[in-house]
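Visitor: I am new to this one. Please show it to me, and expect me to ask how you know things.

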Amino acid sequence: MAVARRLLPDWQSQQGELLRRRWRGSWMRWTGDAWKEMDEQVVRASFYKRLEHARFVAGTDRDGQEDVRDWAPTKQKIGNLLDALGAITLLPSEVDAPDWIGPPPSGDGDSPIVACKNGLLRIRDRELLPHTPDFFNLVSVPFAYDPQARAPAWERFLQQVWPDNQESIDALQEWFGYVLSGRTDQQKILLIVGPSRSGKGTIARVLAELVGRGNIAGPTLAGLGSNFGLSSLLGKPLAVISDARLSGRDGSQVVERLLTISGEDTIDIDRKFRDPWTGKLPTRLMILSNELPNFGDSSGVIARRFIALTMTLSWLGKEDTGLTAKLSAEMPGILNWALDGLARLEETGRITEPASSREAVTTMQDTASPTSAFVRECCQTGPTCAVPVDDLWAVWKVWAEDNGVRSLGTKQMFGRNLQSVVPQLHRARPRGDDGKQVPTYTGVALKDSPRNPPGRDSARLTDPEAVLSRAESRHTALRADDEDQGGMSQ
């Protein structure tokens, strides 16, 4: 500890501010406009060089002379020294970036701050403050703030992508500002779906240029479910998942991690040859895909985490190969455009959800959870609703067959999935008119007039007798077919 305190001034500014910190198992270094993670081996190497020829006074010899010895750095000594320095410079793991770790300027603690090359931009009044290590931020845009800058080419590009959908442009504008601010409180994932050469990649490249390419992670959906799949997200404010594809085999693990990251939950992350990292990831997730992803989630919660922006136009075969370079020249103007979106987000409190997004989210929810679609189409919910378990199960089987649900599951599994969709659901056994107990769901009931396609009998799905009669008719037809085929069909 004495050696650590002797070396501490090397890690301080002239004003005594710490320029190195130990945070969540990593060494962090102040670069002048943001805090960046340092490689552990680089830190160790610097101390080996610093102390290679260091000497210390071990006391006095028999003649009363100072006993000067070489400090002689070893692996154990360096390890002990780093432990001591970590204790002195420790930043509590409860601190989430971005945040003030020193006293903020008067009135600045309640306003988002965006770090630019020429200072800390206070969003509330667009005032530039001087850079300081007392502001713990992991993101700094790689160019200066210019209040007069504009981005006409960028705005024309967005109008071409969404010619009649201003809500989608507003949502993207607010998302850009949201990423810059470092906030994670919206607990949303941006999903951009469109055909090939529709502009998805251009938008992702512009956002990467805006926040700095060193601040971007590029995982795959399948990779997020692997053992070390989350380690690339550490310290990254944005993860862009391009050409998203997901197989049913690894879907549940991916859904779990998407919910954990977007939900601001604490997570343990395995790192190769290092101790696990524990904390809340500051990463916002952005997924690009040619089709709506299919997540297996019986509750359908994952679908509600998405803001989905859909594209319908394609420039395949007539791409503007110089577009990215043109847009990169407008980065200061795009920054102002994004800050306008952040200001609107601060005012409304929520990212704009276009009507097309709501439709896409509903489709994703139905795909992920057929039970959710069944409840929406055939049921009504409320504290006064009730339906016999067998009646609802019979209707579910017919509905599932009509809608191509691959696995009906068991009655118990259906009840579990139903509980995740209808949280107020309870199962009771009230006595009927004949005195017998009837297993009954309370909190849900069949609709009196379900929304069926034209030409269908409205009682077809809700009348249990009609359902049972239909099932019996199908069984008879199958048995007759077996007889026609000599009993060989199955």
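Visitor: Where does helix H11 lie, and at what angle to S18 does it run?

Guide: This is a predicted model. In it, helix H11, residues 355–368, lies across S12 and S18. Its direction makes about 115° with S18.

Visitor: What sheet do S12 and S18 belong to?

Guide: An open sheet of five strands, in the order S13-S14-S17-S12-S18. The pairing is parallel.

Visitor: What makes S13 and S18 edge strands?

Guide: Strand S13 (216–217) and strand S18 (306–310) each have a single partner strand, so one side of each has no neighbour in the sheet.

Visitor: How do you know that S12 and S18 pair?

Guide: Count the bridges. Pairing takes at least two. Strand S12, residues 189–193, is joined to S18 by five bridges, so the two count as paired. They run parallel. For one position, look at Ile189: Phe306 in S18 stands opposite.

Visitor: Which helix packs on the sheet and touches S14 and S17?

Guide: Helix H5, residues 166–181. Its contacts with the sheet are to S12, strand S14 (238–241), strand S17 (284–289) and S18. The direction of H5 makes about 140° with that of S17.

Visitor: How do you know that S17 pairs with S12 and with S14?

Guide: The same test applies: at least two bridges. S12 and S17 have four, in the parallel sense. In that pair, Val193 stands opposite Ser289 of S17. S14 and S17 also pair in the parallel sense over four bridges. There, Ile241 has Ile287 in S17 as its bridge partner.

Visitor: Why is S17 called mostly covered?

Guide: Six of its six residues are buried. Arg284, Met286 and Leu288 point one way from S17. Leu285, Ile287 and Ser289 point the other way. All of these are buried.

Visitor: Why do side chains in a regular strand alternate?

Guide: In a regular strand, side chains take turns between the two faces of the sheet.

Visitor: Back to the helices. Why are H5 and H6 called roughly parallel?

Guide: H5 and helix H6 (residues 200–211) pack at an angle of about 30°. Their axes are 10 Å apart. The label "roughly parallel" covers angles under 35 degrees. The angle falls under that limit, so H5 is roughly parallel to H6. The crossing of H5 past H6 is right-handed.

Visitor: Which residues meet between H5 and H6?

Guide: From H5 come Leu172, Trp175, Phe176, Val179 and Leu180. From H6 come Ile203, Val206, Leu207, Leu210 and Val211. This contact holds ten nonpolar residues, no polar and no charged.

Visitor: Why is Asp170 called buried?

Guide: Buried means under 20% relative accessible area. Asp170 has 19%, so it counts as buried. Asp170 lies in helix H5. Leaving aside neighbours within four places in sequence, Asp170 is in contact with Arg344 and Thr352.

Visitor: What makes Gly102 buried?

Guide: The same limit of 20%. Gly102 has 16% relative accessibility, so it is buried. Gly102 sits in the loop between strand S7 (99–100) and strand S8 (113–116). In sequence, Gly102 and Pro133 are 31 residues apart. In space, they are 8.3 Å apart, C-alpha to C-alpha.

Visitor: Why is Arg24 called buried, and Arg197 partly exposed?

Guide: Arg24 has a relative accessible area of 10%, so it is buried. Arg197 has 48%. Partly exposed runs between under 20% and over 50%, so Arg197 falls in that class.

Visitor: What is the phi of Arg24, and what is the phi of Arg197?

Guide: Arg24 has a positive phi of about 50°, although not a glycine. Its place is the loop between strand S1 (20–23) and strand S2 (26–30). Arg197, also not a glycine, has a positive phi of about 60°. Arg197 lies in the loop between S12 and H6.

Visitor: What is the omega of the peptide bond from Ala97 to Pro98?

Guide: Near 0°; the bond is cis. Pro98 lies in the loop between strand S6 (90–91) and S7.

Visitor: How many helices and strands does the chain have?

Guide: It has 16 helices and 21 strands. Of its 490 residues, 46% are buried.

Technical notes. Residues numbered from 1 in each chain as written. Predicted model: local features only at pLDDT ≥ 70, side-chain atom pairs only at ≥ 80, totals over all residues. Heavy atoms only, no water. Contact = heavy atoms within 4.5 Å. Axes fitted to C-alpha atoms, helices over the stretch in contact; angles between N-to-C directions. Parallel < 35°, antiparallel > 145°, perpendicular 65-115°, else oblique. Left-handed = near helix turned anticlockwise from the far one by under 90°. Nonpolar A, V, L, I, M, F, W, Y, C, P; charged D, E, K, R; others polar. Buried < 20%, exposed > 50% of the residue type's maximum accessible area, 1.4 Å probe, protein only.
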